[in-house]
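Trainee: I would like a close look at one part of this model, the way two of its elements pack.

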Amino acid sequence: MISAQTQLCAIIGDPVKHSFSPRMHNAAYEAANLNFVYLAFAVKPETLKNAIASMRDLNIRGFSVTIPHKQKVIPFLDEIDPVAAKIGAVNTIVNNEGKLKGYNTDWEGCMQAISEKCSLEGKKVAVLGAGGAARAIAFGAQAKKAQVCIFNRTVAKAEKLAQEINCEFDALENFAQHEIDIVINATSVGMDPNINQSPLPAESLQSGFIVMDTVYNPSETKLIQFAKAKKCPIVYGSEMLLWQGVRQFELFTNQKAPVETMRQALKK
Ligand code: ATR
């Protein structure tokens, strides 16, 4: 029951109305019997600074940060986790007695989702895309000692990111010329309403690949359908969403997350 001791967490972003985070976190609080509640706040870029100041003033325990604030929020924080600083994006803020620390659980979520299928160490990982999502995943894969290659439609962007990470890159259209173990789609290709598009043609996928799509709407993206036809092991985007939330839960509450409850909440 909500009381005078209830701790508040929230997602801030714009738009946030369709976020799955409130139902995932609230289901977890209930299952763990924690006096926490999680809301969604639509915050415009021009009020971001005030929103972060309010977090301190109102003693809000945690924020999840989503589009378009993941980079812009950084100057308003007191401390940044080193990997989040390298990535240059924060999706989680924890308020410890007025001291705000930023983390990035997106990369951890992606790596955890894959590591349920295989270890990343020494694997050749193709990251498709060179935007914000690709950036977090490429840094994450490298932190897990994978050999990363970035493939992007605009090759200059792939090159820029690859230089920062010190990894390989190529144009998306040259994908089939490379030897690969794991493919991660970190582009927006295939997302509703463009559900018939795939970042790679079916013939580029080989049966030995592990294929992950960070797109979770729809869950059976065209890429996933192509991968299934080749009998590739699949990692769904919803698993990344789950594991980034699991890590957030642990940062907010200092308790182990009820993973299965959170997974089921995402399916509702
Ligand atoms: P996010 O922060 O979510 O990653 P973003 O920064 O807009 O979003 O990046 C989107 C990524 O999807 C980019 O890598 C983009 O490729 P370009 O750099 O060439 O624009 C990629 N992308 C979007 N639409 C694409 C398409 N139709 N084909 C191939 N790649 C596409």
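Trainee: At what angle do the axes of helix 8 and helix 9 cross?

Mentor: This is a predicted model, in which local features need pLDDT of at least 70, side-chain atom pairs count only at pLDDT 80 or more, and totals for chains, interfaces and linings use all residues. Residues are numbered from 1 along each chain as its sequence is written, and side-chain values use heavy atoms, with hydrogens and water left out.

Helix 8 spans residues 237-253 and helix 9 residues 259-267; their axes cross at roughly 135 degrees and come within 10 Å (helices are DSSP runs of H or I, at least four residues, numbered from the N terminus; axes are lines fitted to C-alpha atoms over the stretch in contact, with angles from 0 to 180 degrees between N-to-C directions). Helix 8 is therefore oblique to helix 9 (not under 35, over 145 or from 65 to 115 degrees). Their crossing is right-handed (the near helix is turned clockwise from the far one by less than a right angle).

On the helix 8 side, Ser238, Glu239, Leu241, Leu242, Trp243, Gly245, Val246 and Phe249 meet Val259, Met262, Arg263 and Leu266 of helix 9 (heavy atoms within 4.5 Å). By class, this contact holds eight nonpolar, two polar and two charged residues (Gly counts as polar; Asp, Glu, Lys and Arg as charged).

For reference, helix 4 (residues 106-115) and helix 5 (residues 132-143) pack at about 60 degrees, with axes 8 Å apart, so helix 4 and helix 5 are also oblique to each other. Helix 4 crosses helix 5 in a right-handed sense. Trp107, Cys110 and Met111 of helix 4 touch Ala136, Ile137, Gly140, Ala141 and Ala143 of helix 5; seven of these residues are nonpolar, one is polar and none is charged.

Note on methods: Helices (H or I, at least four residues) and strands (E, at least two) are DSSP runs, numbered from the N terminus.
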